[in-house]
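User: Hey, could you walk me through this model? I'd like the layout and then a few individual residues.

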Amino acid sequence: MMIDAAFITTTAIVVAAIIVLAIFFTLVPVTLWISALAAGVRVSILTLIGMRLRRVIPNRIVIPLIKAHKAGLNVEISQLESHYLAGGNVDRVVNALIAAHRANIDLSFERAAAIDLAGRDVLEAVQMSVNPKVIETPFIAGVAVNGIEVKAKARITVRANIDRLVGGAGEDTVIARVGEGIISTIGASSSHADVLEHPDRISQTVLSKGLDSGTAFEILSIDIADVDVGENIGANLQTEQAEADKNIAQAKAEERRAMAVANEQEMKARVEEMRAKVVEAEAEVPMAMADALRSGNIGIMDYVNYRNVQADTGMRESISKYSQGDQSPDQE
């Protein structure tokens, strides 16, 4: 029984020791601590345990710290941990600091961390400060004074401005400003031939306007890569205006024609109205004649003379119609 009790005790101690060691190696990255000591970076065990408790991955802090120490940078572990907890990329910031240090660019850790937290790639910005970037614009169309369209493509050489990376405008703003300058320069040219002959005037005019103000870049040069002649916008506009004027004139002519037709129909209606009045008046003549005969105002001979006058008038009208038509009564 004593042997069994001793065995159980020994086994319990061994298991407890294994558990303690497992917890210790879980909380303390010993291999990372040894690597830091080998690189000459002093990191205490308590600091590594505190990182674990603060849910900070020690590898994300210690490795960049070793790189910074080897590069001769004065960076504290608390700065790296604070930037990590703020959601920044510690390794990228340290790489940017090393690149800036090698290129003799004045860049502090606070500035690099602010640029990284602002969402910009601080390492790319440092590299762009050393090696300028070329931004190529699409074809930008402008119209000269003579109405000919000119399309130009530009290459913009920019260098990152570290001091304006936080809050500065990006590439889209630079392209938009350059495009606006190209359009205004082409529009001020009297002829498209002037633009084709001197494309350097575009770059000189645009570059003199200080388009990099308020942006995260410094424009070094603007070069016109290609110039093409487009459509004759002025002629197209004149054609469209002439077509519009023609349509307006046709509409006004159609309006006048409709008014003339309506006026003609109105006159025909009035003529028919007057004819109806004449017929109505003629219908009252026999009644008036009969009343005059009964009252004795006219005699029978007066009535006969009236009938003879009517017959003579009818004959004259008939002869006149035959003469105007050049046809005889037999042909009719």
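Analyst: Happy to, and here is a short tour with the ground rules up front. This is a predicted model, where local features need pLDDT of at least 70, side-chain atom pairs count only at pLDDT 80 or more, and totals for chains, interfaces and linings use all residues. Residues are numbered from 1 along each chain as its sequence is written, and side-chain values use heavy atoms, with hydrogens and water left out.

User: Great. What domains is the protein divided into?

Analyst: There is domain 1 (20–130), domain 2 (133–231) and domain 3 (235–311); these bounds come from an automatic or database domain assignment.

User: And what separates the centres of domain 2 and domain 3?

Analyst: Taken over C-alpha atoms, their centres are 75 Å apart.

User: Let's look at helix packing. At what angle do helix 5 and helix 6 cross?

Analyst: Roughly 130°, with the axes of helix 5 (residues 77–85) and helix 6 (residues 90–102) coming within 9 Å. Helices (H or I, at least four residues) and strands (E, at least two) are DSSP runs, numbered from the N terminus. Axes are lines fitted to C-alpha atoms, for helices over the stretch in contact, and angles run from 0 to 180 degrees between N-to-C directions. The two helices are therefore oblique to each other: under 35 degrees counts as roughly parallel, over 145 as roughly antiparallel, 65 to 115 as roughly perpendicular and the rest as oblique.

User: Which residues make the contact?

Analyst: Helix 5 brings Leu-80, His-83 and Tyr-84, and helix 6 brings Val-90, Val-93 and Val-94. Contact here means heavy atoms within 4.5 Å.

User: Now loops. Is Ser-189 buried or exposed?

Analyst: Ser-189 is buried, at 16% relative accessible area. The scale is under 20% for buried, over 50% for exposed and partly exposed in between (1.4 Å probe, protein chains only). Ser-189 belongs to the loop between helix 9 (171–188) and helix 10 (192–197).

User: What is Ser-189 in contact with?

Analyst: Leaving aside neighbours within four places in sequence, Ser-189 contacts Ala-144, Val-145 and Val-195. Also, a polar atom of the Ser-189 side chain lies 3.1 Å from the backbone oxygen of Thr-185.

User: Switching to backbone torsions: which way does phi usually go?

Analyst: Most residues other than glycine have a negative phi. Arg-55 is not a glycine, yet has a positive phi of about 60°. Arg-55 sits in the loop between helix 3 (45–53) and helix 4 (58–70), and is exposed with a relative accessible area of 76%.

User: And what about Asn-104?

Analyst: Asn-104 has a positive phi of about 60° too, although it is not a glycine. Its place is in the loop between helix 6 and helix 7 (109–117), and Asn-104 is exposed at 73% relative accessible area.

User: Last topic, the strands. Where is Thr-157?

Analyst: Thr-157 is in strand 3 (residues 148–160) and is buried, with a relative accessible area of 17%. Not counting residues up to four places away in sequence, Thr-157 touches several residues, including Pro-132, Val-134, Ile-219 and Leu-220.

User: How about Asn-232, where is that one?

Analyst: Asn-232 is in strand 4 (residues 217–232) and counts as partly exposed at 34% relative accessibility. Leaving aside neighbours within four places in sequence, Asn-232 is in contact with Gly-147 and Ile-148.

Technical notes: Polar contact = N/O pair within 3.5 Å; in protein donor to acceptor, adjacent residues only side chain to side chain.
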